[in-house]
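Reader: Hey, I've just opened this one and don't know my way around yet. Can you walk me through it?

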Amino acid sequence: MLYLLLVVLVGCAVIPGGEALNKVCSVFGDPHIVTFDGLKYKFDGACNYVLAMDCVDLAWIIYGHFTPCGTGTCLEDISVFYEKNGVLDAVLIGRGWVINHLGSKVPYKQGADFQIGNIAFTFDGLYLRSTLWGSGIAWYSTEQWASR
């Protein structure tokens with residue numbers, strides 16, 4: 001079975017003293033979820049869920065779309081909504097590295113960096129790495145083979 005793995009890295013948390021605190025959450029498998037505080041869950045719910053968001057400025061939010069697969073649910077795609085200079089934009093990233101922006105599939109090549117709005121991407125053939133500029137967040141995704 002082919003799964004979509006999503007790992008979100010957030011560097012915007014600040015601890016007392018003003019030091020930046022990097023946090024990581026991940027969603028993988030059918031699905032297994034590791035939260036920013038390290039808690040682990042196995043969650044089977046077909047729906048759209050908030051995976052990560054800017055809780056201070058509400059400048060970005062990442063939704064996960066989970067659909068039935070096998071005996072559970074799988075992460076089918078993610079939607080990234082962000083605000084830049086007062087304008088809301090969105091990018092959808094689906095299985096098979098399909099990237100959709102403004103209703104169109106975005107062409108890209110392995111090894112070539114590219115940018116959609118405020119999101120920078122690079123694809124090395126295994127990982128699609130993305131950074132939402134100015135937010136302190138980055139993520140990468142990979143298609144993984146797993147047996148059930």
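Reader: How much surface does the chain expose, and what share do carbon and sulfur atoms supply?

Author: The chain exposes about 8200 Å², and carbon and sulfur atoms supply 59% of that. Those areas come from the Shrake-Rupley method with a 1.4 Å probe, and for residues only the protein chains shown count as cover. This is a predicted model, where local features need pLDDT of at least 70 and side-chain atom pairs count only at pLDDT 80 or more, while totals for chains, interfaces and linings use all residues. Residues are numbered from 1 along each chain as its sequence is written, and side-chain values use heavy atoms, with hydrogens and water left out.

Reader: OK, and what percentage of the residues count as buried?

Author: Of the 148 residues, 39% do. Buried means under 20% relative accessible area, exposed means over 50%, and partly exposed is in between (1.4 Å probe, protein chains only).

Reader: How many helices and strands are there?

Author: Zero helices and 14 strands. Both are DSSP runs numbered from the N terminus: helices are H or I with at least four residues, strands are E with at least two.

Reader: Which strands make up the open sheet?

Author: Six strands, in the order 5-6-7-8-9-10, with antiparallel pairing. Strand 5 (47-53) and strand 10 are the edges, since each pairs on one side only. Two strands pair if DSSP finds at least two bridges between them.

Reader: How many bridges join strand 5 to strand 6?

Author: Six, and the two strands run antiparallel. Cys47 stands opposite Phe66 in strand 6.

Reader: Let's hop to strand 9. Which of its residues are on the covered face?

Author: Ile99 and His101 are on the covered face, while Val98 and Asn100 are on the uncovered one. In a regular strand the side chains alternate between the two faces of the sheet.

Reader: What does strand 9 form with strand 8?

Author: A hairpin, with three residues between the strands, and Gly96 in the turn has a positive phi of about 75°. The two strands pair antiparallel over three bridges, and Ile93 has Ile99 as its bridge partner in strand 9.

Reader: Is Ile93 buried or exposed?

Author: Ile93 counts as buried because its relative accessibility is 2%.

Reader: And on the strand 10 side, how many bridges?

Author: Two bridges join strand 9 to strand 10 (residues 104-105), again antiparallel. Asn100 stands opposite Lys105 there. Strand 9 and strand 10 form a hairpin too, with two residues between them, and Leu102 in the turn has a positive phi of about 55°.

Reader: Switching topic: what does the side chain of Thr73 reach?

Author: The backbone nitrogen of Gly45, at 3.4 Å. Thr73 lies in strand 7 (residues 72-84) and is buried, with a relative accessible area of 5%. Leaving aside neighbours within four places in sequence, Thr73 is in contact (heavy atoms within 4.5 Å) with residues including Phe43, Asp44 and Phe66.

Reader: Last thing, how many aromatic pairs does the structure hold?

Author: Five. One of them is Tyr108 with Phe114: the ring centres are 5.1 Å apart and the planes at 15°, so the pair is stacked. Rings of Phe, Tyr and Trp (its six-membered ring) pair if their centres lie within 6.5 Å; planes under 30 degrees apart count as stacked, over 60 as edge-to-face and the rest as tilted.

Reader: Which residues do ring pairs link into a cluster?

Author: Tyr108, Phe114, Phe121 and Phe123. Phe114 and Phe121 are both buried, whereas Tyr108 counts as partly exposed at 23% relative accessibility.

Key. Polar contact = N/O pair within 3.5 Å; in protein donor to acceptor, adjacent residues only side chain to side chain.
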